[in-house]
Amino acid sequence: MKIYTKTGDKGTTALIGGTRVAKSHLRIEAYGTVDELNSYIGLVRDQEVNASRAAILKEIQDRLFTIGSMLATDPGKDVKMVTPDLHPEDVTLLESEIDVMSEDVPPLRAFVLPGGHQSVSFCHVARCVCRRAERLAIRLQEESPVEELVIIYLNRLSDYLFALCRRMTYELQAEEITWKPRV
């Protein structure tokens with residue numbers, strides 16, 4: 001099988017269900033951003049500090065593929081293909097991981113500037129891409145059906161990534177750089 005099909009050469013792509021849309025369509029932008037997020041999660045997973053969290057990060061990547069397939073499906077078509085789905089327990093898992101990661105990290109007393117260590121910075125980028133994916137899913141929901149759990153999961157995942165940034169900073173004994181507004 002060849003990697004190139006030439007079917008997108010005119011600027012369109014097919015949704016699951018067969019409908020062709022412009023590659024600039026909001027639905028494509030939404031699941032493309034989820035794909036970008038998944039790549040950044042892979043980068044975060046590959047950081048040595050996250051060796052003990054590699055399994056959960058891989059599971060998150062799997063859920064992001066699920067979300068991507070959900071967003072790539074034409075909601076107006078009765079699709080015969082079986083696609084994976086998201087469960088409330090997926091959100092609960094993120095919440096319990098947030099609780100565990102936050103246990104001995106000092107309480108937050110100010111806004112945190114991204115940085116302090118390259119590994120932490122990668123995680124902050126992932127967090128920002130996650131927020132963008134969430135915004136795009138919400139915007140898509142305004143014009144087309146989007147599973148509510150997709151938006152909930154992306155929202156909780158951005159919280160998870162923020163908690164992970166703080167945990168990584170703590171474990172790496174890096175400086176947590178707080179924002180000190182100029183007065």
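Which residues is T33 in contact with, once its neighbours within four places in sequence are left aside? In this predicted model, the answer is V129, R132, A133 and L136, and the paragraphs below place that set of contacts within the chain as a whole before returning to it.

Taken from the N terminus onward, the elements of the chain follow the order β-β-α-α-α-α-α, which amounts to two strands and five helices. The C-alpha trace spans about 50 × 35 × 35 Å along its principal axes, and of the 183 residues in the chain, 42% count as buried. The accessible surface comes to about 10,800 Å², with 53% of that area belonging to carbon and sulfur atoms. When contacts are restricted to residues at least 6 apart in sequence, 74% of them join residues that are at least 24 apart. As for charge, the chain carries 23 positive and 27 negative charges, and the mean positions of these two sets are 8 Å apart.

A record offers one annotation for the chain: an unreviewed UniProt entry places the feature "domain: Cobalamin adenosyltransferase-like" at residues 3–167. Within the model, residues 3–167 are 59% helix and 4% strand, and the C-alpha atoms at the two ends of that stretch are 40 Å apart.

With this outline in place, we can go back to T33, a residue of helix α1, which covers residues 26–45. Because its relative accessibility is 1%, T33 counts as buried. One of its contacts is A133, which lies in helix α4, made up of residues 118–141. A133 is likewise a buried residue, since its relative accessible area is 1%. Seen from the side of A133, and again leaving aside neighbours within four places in sequence, the contacts are T33, V34 and L154, so that the pairing with T33 appears in both lists. A133 can also be related to K23, a residue 110 places away in sequence, from which it is separated by 16 Å in space, C-alpha to C-alpha.A second set of contacts can be followed from R167, which is found in helix α5. Is R167 buried or exposed? With a relative accessibility of 13%, R167 falls under the 20% limit and therefore counts as buried. Not counting residues up to four places away in sequence, R167 touches R53, V100, M101, D104 and V105. Among these partners, V100 lies in helix α3, which runs over residues 88–102. V100 counts as partly exposed because its relative accessibility is 48%, a value that lies between the limits of 20% and 50%. V100 and V125 are 25 residues apart in sequence, and their C-alpha atoms are 22 Å apart in space.

The cysteines call for a separate look. How many disulfides does a search of the whole structure find? The search finds zero. C130 is in no disulfide, and the nearest cysteine sulfur, which belongs to C128, is 9.8 Å away. C130 is buried, because its relative accessible area is 0%. C165 is in no disulfide either, although the nearest cysteine sulfur, that of C123, is 3.5 Å away. The reason C165 is not paired with C123 lies in the cut-off, because a disulfide requires two cysteine sulfur atoms within 2.5 Å. C165 is also buried, given its relative accessible area of 2%.

Finally, two residues deserve attention for their backbone angles. Most residues other than glycine have a negative phi. K6, however, has a phi near 70°, a positive value in a residue other than glycine. K6 is found in the segment before β1, the strand at residues 12–14, and because its relative accessibility is 59%, K6 counts as exposed. Q173 has a positive phi as well, of about 55°, although Q173 is not a glycine. Its place is in the segment after α5, the helix covering residues 148–171, and Q173 counts as exposed because its relative accessibility is 74%.

Definitions and conventions:
Residues numbered from 1 in each chain as written. Predicted model: local features only at pLDDT ≥ 70, side-chain atom pairs only at ≥ 80, totals over all residues. Heavy atoms only, no water. Buried < 20%, exposed > 50% of the residue type's maximum accessible area, 1.4 Å probe, protein only. Contact = heavy atoms within 4.5 Å. Areas by Shrake-Rupley, 256 points an atom, 1.4 Å probe, with all protein chains shown as cover. Lys, Arg positive; Asp, Glu negative; His and termini not counted. Charge placed at Lys NZ, Arg CZ, Asp CG, Glu CD. UniProt positions renumbered as here; feature names shortened; annotations may be inferred.
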